[in-house]
Structures are given as structure tokens and as C-alpha cells.
Amino acid sequence: MPRLIALATAALVFTAACTDTSNPSEPDPVLGHCIYINIFSNAEECKEYRGAGWSSESGLDDCNGQLESAFAAGSCPYEESLGYCLFDEGEDDMTHIVFPGDDVDDCASSEMGCELFGGGEFVPEARCEPYVDDQDMDGIGSGGSVFQPGEFVCSEPAAGDSVGSADNGDVCTWSTIGGCTEEGKKFIDYAECTPVLTQRPYVPVPPSSFKTAENDPLLADANFLGEVDWAKTQAESCGCVCCHTDSIAPQGASIWDTEAEGIWTDSFTDNGLAIMAGWIDSTPLGAHPAEDNNGFDRTITGMPTTDVARMVAFFEGELGRRGRTQDEYSDATPTGGPLHTQRIFEPSACENGEGVDAAGKLTWSGGGARYVFVLEEGSDNPTAPPNLDLPEGTLWRLDVDYRDEPINDGFTYGAVPAGSKQTFPIDGAPKALTPGQTYYVYVQRDVAIPITRCLFVYEGEAASGGETVTDEPDISPWNDTCATDDDCSGATDFCVKMPGAESGYCSIHCDGLSACSDAGAPADWTCNAVNCDIEEYTWCGPNDEIEASGNFLSVCD
């Protein structure tokens, strides 16, 4: 499979590694190399460890984090290659990734994979020089950048738009690939594409060649044209436009284009239409709950919509125009590429000392990490935010901010190393590990880039458990049932109600934990929020709301 096609179907941004064939003019010593399978393209690659900063131990450790890897001394052994991807030039821990082969059809896609997705510098062999260009792709799309979690952004309505649905009239939008602003409004007016373009690989892939005939009676069918326009406005309300609208995407629309001439959905491939209609499962891509996404639902259709049945009917009609039937897709593999394969991954026993040892030290292979999980055996694999990245059974999770350097292993389970943040549990130590019990360690270089995922048996000593609470304390008026703010008394003056609920509980707004404790809130309550910067979107409440929300909510420190 050409690398460009494989990369274009990948479901989340990745910072791919790239390296080189032996170059006698290079002054940097080659400590060794690692031959492995790229988890996104399924193609063999070879990574060379160059410079005095590498040791046999660190090179082997990094290699062990790759798929089907083998570490050996010296340069990559290929007689033929397309070129290499250079990382950290001039550093003492530089790497090259060699793309083996002699098929010049893969030259441009190798450059794309290296520079656009990996953030490296592609150095072509002579055979590839006529097939690559010098365009600067650094920072475009997911080029060289780290996955940036979306933020919940609230702002005043854009010129000409109606008042927003927030209490103060603002319009609130998730700046994510699946996030949507309010129906009838445009995503680009309320959220930036910068973080969105780090959340999915972006490539300006040409559209489908399908074209509605100029004499097709549908072109005069007002009802049909109305549905075409409705589907377009739905797309324009969501983060889809960052990659699929020609005037917005960094280098033009990828495959389908909301601005395509004529019937814009002609730009879809047949498989793309099947994803939109829900004939091909798109669950692996992740989705916001509709109630937290301005009513836009993406649990069935490939594109978020406020009317699932209407969207399904529209795209089924588009498939029907091309003579396709649902039976043809009955055995289709869910979309998402590596996100799907990572969801169904079955872990095996850890090797190379990975896991938590008897002294409590956590070890993994593959180098620096941004996401570290310890889970119960049998837990689902953590994959795509916002709803698939904290599976039930998670005991402990550490995150590293996208602006900070990744962390390395060697610290104790439950201890938060500098440069990271414990995101589960929100407060306190994680659940103690039980001697003799099997657990699952899952470590990611970045979202959708696992480097260690295996099962280990904990052989350490059991930690003492906490006290068991048998009776609920009386915390009135906090947590009293309410329908409006007027129902609350004493120190409380705000009725906290989840979206769509008729009743809630009494509390107050807050700007941090101290505001809750100073006002007399229960000791185990935190300052919870949709957006910590806006007081109206904060309240004192039970900490377990955060996990129950799938991390849609956050805690204000």
C-alpha cells in the first residue's frame, strides 16, 4: 500500500519517527539500528541511532517500543532505499529513519510521512529527487506537532448570528475534530483549527471522480437540493471544516470538500458516503456526547449531526444514486485505521522488565511518553479522546502537557514525576496493587502511538486499604434537591443541574477548591467546571462527577 494512502487513512495525529541509509559523509557514529513495522502504514522501516548520546541500552529500549522490532549494531542493512527522515540534526542523540525500497511511486508519500506527519527533514536518495519538492510543511496539519486536547471556548455571537444558548448569550464550542458550534452557525467563527489539525492526520487528498450528470433531474429537485444544503450547513458547524473545506484546510480539502462545485457530496468516495451513513462503523474516531456538543451527535454517522435519522437518510440516498447497497458493507472493517486496530489489540505478557516491579517502580520500553496508564486486567485499550481515552478499569493515568517534554520511566507507581499531571484519579493516590494479581500497563508516546502495552503480575507488598464509610453524613443544605436557585438556602445559592435534567443539587459558584472549603462545602467536594475561566460554568460538587462526565468536566485548582 502506498504510504500516502496509509497515512491518509490514519485516524489521529502521530509524530512518526524517520531515519537513513548509511552515509559515509555523516560524522555522527551509528550506534545501531532498529528494523520495525510502522503501525500506521504497515510498512517496514529502519531507525538508526546516531551520536554519542545513544547507548546500547537506550537504543534497545527505544527499539523495544516499536512493532515487530529487531535491534542490531551498525547502520541499516538495505542496498536500496528511497531516502531517510532526519530528526534532531546536530544533537548527540540524532536519529534517521530509512525508507527501504526502489519504487519511485512511494517517494512523495515518504516525504509527506516524514515532514508533514513526523516533523522531520526528508533527505531523498537520487532516485527520489525528481519526485519530491521543497515546500515547507513544518507545522502544517499534524506536521511535527503534538496532539493538543480541545478546549471548550465561549465567545460572543459573530456578526449576524443569533444570541448564543449560554446563560450570558455566549456561543460555546469544543475546539476538536468532532466538536460543533450551535446549529446554523459556523465552527470557524468560534473555534481555531490549530488544535484540530493536531488531532487527525491531514493530507490534501484529491476528491472522488464521481460527478452528477448535468442533465440529472435531481439538479432541479428543490427537496433534494435543500437536503444537500442542510448537510453542508451541518458540516460547516463542526470541526470537519478544518480538513474538508478548501478555503480553510492548510493545503486544500482532503477527499471531500464542502465547497466543491455542483453537488458537494459528489466529492465523497463510496466508502466515505458509507461512513457518513453509518454503514461503516466510525466509533473508533471518538465522539462528544450530544448534550455537551450543542446537540450534535456522532455515534452513528461519520459526521456530527443534530438529526441522525435525516443525515442517515440523506447519505443512504447518495449511496443509492451510485448503485450501492448496505449489504455490500455488512463485513466492512470499522474506519479509523490504527484507532480501530488499537481498540481490538489483545495484550500479551510483558517482556524486558516492563510493568510495576516488587519495589513499585514503573518501567516501559520505547522512550519518552506523554500518556501512561495502569489498568485492571481485561480493561479496554485507551484510544481516542474525548470518550475512549479513559476506559473503565483505569487505576492510574498520567498526562504530559503538549507544550512540555515527554517523561521517562523509572518512577514509583502513584508518584507523579516532574513534568506530568495525574489525571486519574483526580485527587489522591491510585488504588493499591494487589500482590499476585495481573495488571495492564499501556504507555503512549502520544495519542494513538502506543509504545508499551502488556500484562504484568505485581509481586510487591500490599498497601493498607482506606477506611470503609458505612453512613452518609448529613451535608444539608449542600446537595439538597432543587429545581431553581431559589430552592437553595443557607450558604448555597446555585442549583446545579446537568443538561436536560429537571432537578439538581444546591451549591455555589467557585474559582477554586478554597472557595468551596471556605464556604463549608463537603470535604470531598471540588470546584468542578465546564470552563474554569467563566464563573457561571463552575460549581462546588462531588469529585466523581469528573469521571462520570468522561472528563468533559474539569477541576479548578
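Start with helix α6, residues 270-277. Its buried residues pack against α7. To see both partners, add α7, residues 308-321, to the selection. This is a predicted model, so treat each stop as a feature of a prediction.

**Stop 1: α6 and what follows**

Keep α6 selected and show its side chains. Is this helix mostly covered or mostly open? Mostly covered: six of its eight residues are buried. Pick them out by name: Gly272, Leu273, Ala274, Ile275, Met276 and Ala277. An α-helix has 3.6 residues a turn, so residues three or four places apart point the same way.

Now step just past the end of α6. Gly278 sits there, with a positive phi of about 85°.

Move on into the loop that links α6 to α7 and select Asn294. Asn294 is not a glycine, yet its phi is positive, at about 55°. Asn294 is partly exposed, with a relative accessible area of 25%.

**Stop 2: β4 and its two partners**

Next, select β4, residues 81-87. How many of its residues are buried? Seven of its seven.

Add β5, residues 94-100. Six bridges join β4 to β5, and the two run antiparallel. For one pair to zoom in on, take Gly83: its bridge partner in β5 is Phe99.

Then add strand β6, residues 121-124. β4 is joined to β6 by four bridges, again antiparallel. Here the pair to pick is Cys85 with Phe122 of β6. Strands of a sheet pair through backbone hydrogen bonds, either parallel or antiparallel.

Go back to β4 and β5 and look at the turn. The two strands form a hairpin with six residues between them. Select Asp88 in that turn. What is unusual about the phi of Asp88? Its phi is positive, about 60°, although Asp88 is not a glycine. How covered is Asp88? It is partly exposed, at 47% relative accessible area.

**Stop 3: two cis peptide bonds**

Select Pro385 and Pro386 together. A cis peptide bond joins them, with omega about 5°. Where does this pair lie? Pro385 is in the loop between β11 and β12, and Pro386 is placed in the loop between β11 (371-376) and β12 (394-399). Pro385 counts as partly exposed, at 21% relative accessibility; the cut-off for buried is under 20%.

Stay on Pro385 and add Gly178. These two are 207 residues apart in sequence. In space, their C-alpha atoms are 9.8 Å apart.

For the other cis bond on this tour, select Phe424 and Pro425. The peptide bond between them is cis, with omega about -10°. Pro425 lies in the loop between β13 (421-424) and β14 (438-446).

**Stop 4: a three-stranded open sheet**

Select residues 481-482 for β16 and 494-496 for β17. Add strand β18, residues 504-507. In what order do these strands stand? The order is β16-β18-β17, in an open sheet with antiparallel pairing. Why do β16 and β17 each have one side without a neighbour in the sheet? They stand at the edges and each has a single partner strand, so one side of each is left free of a neighbour.

Zoom in on β17 and β18. They pair in the antiparallel sense over three bridges. Highlight Cys495 and its bridge partner in β18, Cys506.

**Stop 5: β19 and β20**

Select strand β19, residues 525-529, and strand β20, residues 538-542. The two pair in the antiparallel sense over five bridges. One pair to highlight is Trp525, which stands opposite Pro542 in β20. β20 is mostly covered: four of its five residues are buried.

**Last stop: the whole chain**

Zoom out and show everything as a cartoon. The chain has 10 helices and 21 strands. Of its 557 residues, 51% are buried. Among contacts with a separation of 6 or more, 63% are between residues 24 or more positions apart.

Finish by switching on the surface. Its accessible area comes to about 25,100 Å². Carbon and sulfur atoms account for 47% of that surface.

Key: Residues are numbered from 1 along each chain as its sequence is written. This is a predicted model: local features need pLDDT of at least 70, side-chain atom pairs count only at pLDDT 80 or more; totals for chains, interfaces and linings use all residues. Side-chain values use heavy atoms; hydrogens and water are left out. Two strands pair if DSSP finds at least two bridges between them. Buried means under 20% relative accessible area, exposed over 50%, partly exposed in between (1.4 Å probe, protein chains only). Contact means heavy atoms within 4.5 Å. Accessible areas come from the Shrake-Rupley method with a 1.4 Å probe; for residues, only the protein chains shown count as cover.
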